[in-house]
Amino acid sequence: MILKVYNLKKYFKEVRAVDNVSFTIDSNEVVGIVGPNGAGKTTLINLISGFLLPDDGRIEYLGHDITYLPPHIRLKMGIARSFQIVNLFERISVIDNVIISIFSSRGMTRNMLKPADFYTHVKEEAIKILEIFGLSHKKDYMPDELSEGERKLLDIAIAYATNPRLILMDEPTSGVATKDKFRIMDIIINAIRANKLSAVIVEHDLDIISSYVDSVLVLNEGRILARGKPNEVLEDPLVKKTLFGISR
Amino acid sequence: MIIINGLYYASILYLLSLGLNLIFGVSKLINLTQGSFYSLGAYITAWFISTMLSFYILKGNALLISFSGILLGVIITGLIGLLIEKTVIKYIYNISLERQLLATYGLLLIFMDLERMIWGGNIISAPQPLRLLGELSIDGYHYSIYYLLIIITAFSIGIAVQFLIYKTDLGILFRVVSYDREIASGLGISVKKISTLTFFISALLGGLAGSLMVPITSASLGMELDPLILSFMVAVAGGLGNFWGSLIASIIIGETRSIMIAIFPEIELALIYLIVFIILATKPEGILERKGG
Amino acid sequence: MRLYINYIYELKKLTKILMTLIIFIFILLILPHILPSYYIIFISYALSFAIASLGFNLLLGYTGLLSFGHAVFFAIGAYSVALIARYLPNIYYFEIVILIALISSALFAALIGIIALRVSEAYFAILMLAVSMIIYSLILKFYTITRGSDGLPVPIPKFIGLTIHGISQDVFIVKYYYYILISIFIVSLIIMYLIVSSPFGKALQAIRDNPNRAYLIGINVKLYKYYSFVISGTYVGLAGSLWSIVNMYTSPEVAHWSFSSDIVYMTLLGGYTIFLGPVLGAIIYTLIKLYTVIFTQYWLLASGIIILIISLLFPEGLGGAFLRAYKFLAPLTIKRERKEIREKNRRLR
């Protein structure tokens, strides 16, 4: 049991973005979160990662109460996230994007006088991570020279490089051409399984979800509609009615 | 009298900050060039009035000339603003903050020297509007009518702009663009035109501030620096984009300045910067945030 | 094995840089024997400005923070020297005053930084302007101490362990001070290079590019901005103190916003996105300022245009232009391909 969410509530004036949500995530489990627009998926990610503080409820991570902890503390504890709109360091190279993530999450940025390039083991680790994400051949490129799909992978690689135990991904394939979506998900899931991470993936595309995750959480209007294995949940008539029109 | 002094200065600051707020709200641009509009308005007005009134024939129409001068200052400044929006500013909307600051700062410097080229280093005075309107006597206190005029003008313009933004169809367009440019263009709104219009209005406001001020302070090089910084503080303290906040902030800052000049006339030079420093040091988020809760 | 190869590769790169540096130093050292003394004085000015712009660019180019009032540190450095020369002539030794100037600027930066960095970036730029103008007014105000707008003379300092008798200031600069300047400049250059290439330097760049993400990968954004600010202020303060001795005189103008503007200008001129850009910019700035007296009449216009054009179109400045010419020799095909991808992506976005 890596993450436990109890009765989480987040309201924005009258809008109940997250309305009494409870669920748990196991170690090595990959959970997909689906739901129509405005169902509260991103809000939930924001609450777990620490971007937002809830109005009520509790979040427990590895036995610790993290409900009101700031994001950087949660990062130290092993929760990392990636973003729906790609969030990179645009003026440093691809490999530097990963290297800086490694440096800072290991507390090495205090060093002011030894050139970064001399930290060979860090560079090695960065290259390994880039290899997992299929970007190592473009390590010296600048982020704006990558394709959209590659940029998304880099965004996730930055989170991955902080050596998390739980990684939260907000629509990792949005904005990517449909033919590339599966390839990208292959890479992402590979990376996750390789390090035995737990993951939460918010997705719109139901085909993606059913093929890659261990279990699915269906959200609607801030409440959980269903939770379980993909093939079971997605055949549920109520779920189908709610999600009708999203995909297929 | 100190109060009125503070109020008229506050009015000038309010006009300037209105321009800053508008252009920041709609186009997300931090526009240091607003200071240039202030000095341009001042110079054009002062030059016009002093030149026209040096002709003996026109001396009889001093009041008319004065107000034409102010009007002219505003209009020409607005047109200059329009010109630079279409040639330079449109490239500045989407760049990073430091580059925006640098670019608009560059423009500020350019205009400063252009003013020096055109009008030389001398001070141009045009006190006529101030003098001609005379004073109002109430209870033995004398109030300069011109000061009152400034206050009334600024107040009316403030209300007019509020009306425009919140009660007209055009205002809706402004607000949509300020919320989200992409959505706005998706809705068929010409974001370009709205941005240009906003900048034009901003320039008019800046020019108005300068034109109104020049009978009191005269036009001189570098005159825009202090008002620019202070109006920036007004916009900041009131919360960027917040009209009521700017109103209150401009009054506070204007009165503070007026009181401090009266009590400590020697430190006037550093005064402005001290005010700025204190405000930013104590309330980095803005005054109104604390009040409104 | 790969680690070893990588290490060797990095060493090779560093050796190449070192070689270029040594050649550069060598050229600087022989110049006094080739050029007349006024050139040497010009280079001395350029070197002190270069230290200032180098420091300034740590804050602007690497951390992404623009300050319109960095001249204040320059003034603190310069006036530290001048005031000691005037009121404490017994300790007016070069080593001592430079140290005091360094400490004063560092302290001032440390104090101001606490307040200045609480605000967001646009306000920070203006706040620094306010700070420098307050100091400017204070210098003018306390006439009895600072001699106000008359300024203070800066005589030749004594040196610990070296005695120089009865020579003119010109000769002093060309024969002795020039070499001191070179050494201090080289040391500052190396230290700055180490700082920007270190993990800390990378963290600053991350802060520049995306402060939110930087925070989310564990960088203490506020603290690092503060460090960057203090280091940059110290550099500019050092530059001011060194400059005051070359200039033999200091006046309140060095705290004025127009001088801050000049610091921005010289940093931008050479290119604020390249490490050596500011150095190049400082050299060109010194050239323009000292040699084209006719054009300084419309100095604001000229610098304003340059600042506008560079910030909009050429953040790489003149330094970038040189780099392009140099890289022109590199294989053209790879560059063209990558350039095309970049253009394509830009259009798609």
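This is a short walk through the structure, telling you what to select at each stop and what you will find there. Keep in mind that you are looking at a predicted model.

**Stop 1: the chains and who touches whom**

Color the structure by chain to begin. Which of the pairs of chains in contact share the most contacts? There are two such pairs, and chains A and C come out on top. Now show just chain A and chain B. No contact joins these two, and their closest C-alpha atoms lie 12 Å apart.

**Stop 2: chain B by itself**

Hide everything but chain B and switch to a cartoon view. You should be able to pick out 13 helices and two strands. Chain B has a radius of gyration of 19 Å, close to the 19 Å that the globule rule gives for 293 residues, so chain B is as compact as a globular protein of that length. If you turn chain B along its principal axes, its C-alpha atoms fill a box of roughly 55 × 45 × 35 Å.

Next, color chain B by accessibility. Of its 293 residues, 55% are buried. The contacts tell you something about the fold as well: take those between residues at least 6 apart in sequence, and 77% of them join residues at least 24 apart.

**Stop 3: chain C by itself**

Swap chain B for chain C. How many helices and strands does chain C have? Count along the cartoon and you get 15 helices and two strands. For 349 residues, a compact globule would have a radius of gyration near 20 Å, and the 21 Å of chain C agrees with that. The box around the C-alpha atoms of chain C is roughly 65 × 50 × 50 Å along the principal axes.

Buried residues account for 54% of the 349 residues here. Among contacts in chain C between residues at least 6 apart in sequence, 80% link residues at least 24 apart.

**Stop 4: where chain B meets chain C**

Bring chain B back next to chain C. Select the residues in contact and you will have 40 from chain B and 40 from chain C. Together the two chains bury about 3,700 Å² between them, with carbon and sulfur atoms giving 80% of that area. In chain B, pick B:L102, B:Y105 and B:F277: these lose the most area to chain C, together 17% of what that side buries.

What kinds of links cross this interface? The search turns up zero salt bridges between chain B and chain C, but it does find seven residue pairs in polar contact.

Now highlight three helices of chain B: α4 (97–119), α10 (225–237) and α12 (268–282). Each one supplies at least two residues of the side that touches chain C. The largest share, 16 residues, comes from α4(B). Try coloring that side of chain B by residue type, too: you get 33 nonpolar, two polar and five charged residues.

**Stop 5: salt bridges in chain A**

Side chains of opposite charge can pair when their charged atoms come close. Over all chains, this structure holds 18 salt bridges. Move to chain A for a look at some examples.

Show A:D19 and A:R16 as sticks. Their side chains meet in a salt bridge at 3.6 Å, N to O. Is A:D19 buried or exposed? A:D19 is buried, at 6% relative accessible area, while A:R16 is partly exposed at 48%.

Go on to A:E29 and A:R227, a salt bridge whose closest N and O atoms are 4.0 Å apart. This pair links distant parts of the chain, with 198 residues separating the partners. A:E29 sits in the loop between β2 (15–25) and β3 (30–34), and A:R227 is in strand β10 (residues 223–228). A:E29 counts as buried at 12% relative accessibility, whereas A:R227 is partly exposed at 33%.

Another one to select is A:D214 with A:R193, a salt bridge at 3.1 Å, N to O. A:D214 lies in the loop between α7 (206–212) and β9 (215–220), and A:R193 lies in helix α6 (residues 178–194), 21 residues apart. Both partners are partly exposed: A:D214 has 28% relative accessibility, and A:R193 has 35%.

To finish, select A:R16, A:D19 and A:R223 together. Salt bridges that share partners join these residues into one network.

Key:
Residues are numbered from 1 along each chain as its sequence is written. Chains are lettered from A and ligands numbered from 1 in the order in which they are written. This is a predicted model: local features need pLDDT of at least 70, side-chain atom pairs count only at pLDDT 80 or more; totals for chains, interfaces and linings use all residues. Side-chain values use heavy atoms; hydrogens and water are left out. Contact means heavy atoms within 4.5 Å. Buried area is the accessible area (1.4 Å probe) that two parts lose on being put together, summed over both. A polar contact is a pair of N or O atoms within 3.5 Å; within protein, one must be able to donate a hydrogen and the other to accept it, and residues adjacent in sequence count only if both atoms are side-chain atoms. Helices (H or I, at least four residues) and strands (E, at least two) are DSSP runs, numbered from the N terminus. Ala, Val, Leu, Ile, Met, Phe, Trp, Tyr, Cys and Pro count as nonpolar, Asp, Glu, Lys and Arg as charged, and the others, Gly among them, as polar. The radius of gyration is taken over C-alpha atoms; the globule rule is 2.2 Å times the number of residues to the power 0.38. Buried means under 20% relative accessible area, exposed over 50%, partly exposed in between (1.4 Å probe, protein chains only).
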